[in-house]
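Reader: I've got the coordinates open and a few things to ask. Mind walking me through them?

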Amino acid sequence: MPWIILFAAGLLEIVWAFSMKQSTGFSRLTPSVVTPVAMVASFGLLAIAMRTLPLGTAYTIWTGIGAVGAFFVGVLVLGESASTLRILALILIVAGLVLMKLASEG
């Protein structure tokens, strides 16, 4: 169950990052409200997951989900570049997340 909670926390990190971008410097109401709500919910779920998961593992996976998700949202929704170097960086992040997950099972 902590892994599911951690995954949900990571998804909410994507939500708040995207809504922060959409807020245009907190000048638009709806995304400006969504941002802190999603942040608090994400932090709360992370805290719950960290009751049983190691700090380093939980935090790394949480930020990794946010980084990978923000990359995909940026490319697919916002039309940002998907250059070879950015994709290589994404692959390295995902590899690190998989290794961190495997290491926490040992």
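Reader: How far apart are the end C-alpha atoms of residues 57–79?

Author: Bear in mind that this is a predicted model. UniProt, in an unreviewed entry, lists 57–79 as one of its "transmembrane region" spans, along with 33–50 and 85–103. The 57–79 span is 87% helix and 0% strand, and its end C-alpha atoms are separated by 31 Å.

Reader: And what's the helix content of residues 33–50?

Author: That stretch also carries the "transmembrane region" label in the UniProt record. Its end C-alpha atoms sit 26 Å apart. Strand accounts for 0% of the span, and helix for 94%.

Reader: Which residue forms a salt bridge with glutamate 80?

Author: Searching the whole structure turns up one salt bridge. Its closest N and O atoms are 4.0 Å apart, and the partner of glutamate 80 is arginine 86.

Reader: Is arginine 86 buried or exposed?

Author: Neither, really: buried needs under 20% relative accessible area and exposed needs over 50%. Glutamate 80 comes out at 34%, so that residue lands in between. Arginine 86 has 32% relative accessibility, so the label is partly exposed.

Reader: Where is leucine 78 found?

Author: Leucine 78 joins Phe72, Leu76 and Val77 in making a nonpolar surface patch of about 400 Å². Patch residues need over 30% relative accessible area. Leucine 78 has 33%, so it counts as partly exposed. As for its place in the chain, leucine 78 is in the loop between helix H3 (55–76) and helix H4 (84–105).

Methods. Residues are numbered from 1 along each chain as its sequence is written. This is a predicted model: local features need pLDDT of at least 70, side-chain atom pairs count only at pLDDT 80 or more; totals for chains, interfaces and linings use all residues. Side-chain values use heavy atoms; hydrogens and water are left out. UniProt positions are given in the numbering used here, feature names are shortened, and annotations may be inferred rather than shown by experiment. Helices (H or I, at least four residues) and strands (E, at least two) are DSSP runs, numbered from the N terminus. A salt bridge is a side-chain nitrogen of Lys or Arg within 4 Å of a carboxyl oxygen of Asp or Glu. Buried means under 20% relative accessible area, exposed over 50%, partly exposed in between (1.4 Å probe, protein chains only). Patches are made of residues with over 30% relative accessible area and no salt bridge: like charges are joined within 9 Å, nonpolar side chains (Val, Leu, Ile, Met, Phe, Trp, Tyr) within 5 Å. Accessible areas come from the Shrake-Rupley method with a 1.4 Å probe; for residues, only the protein chains shown count as cover.
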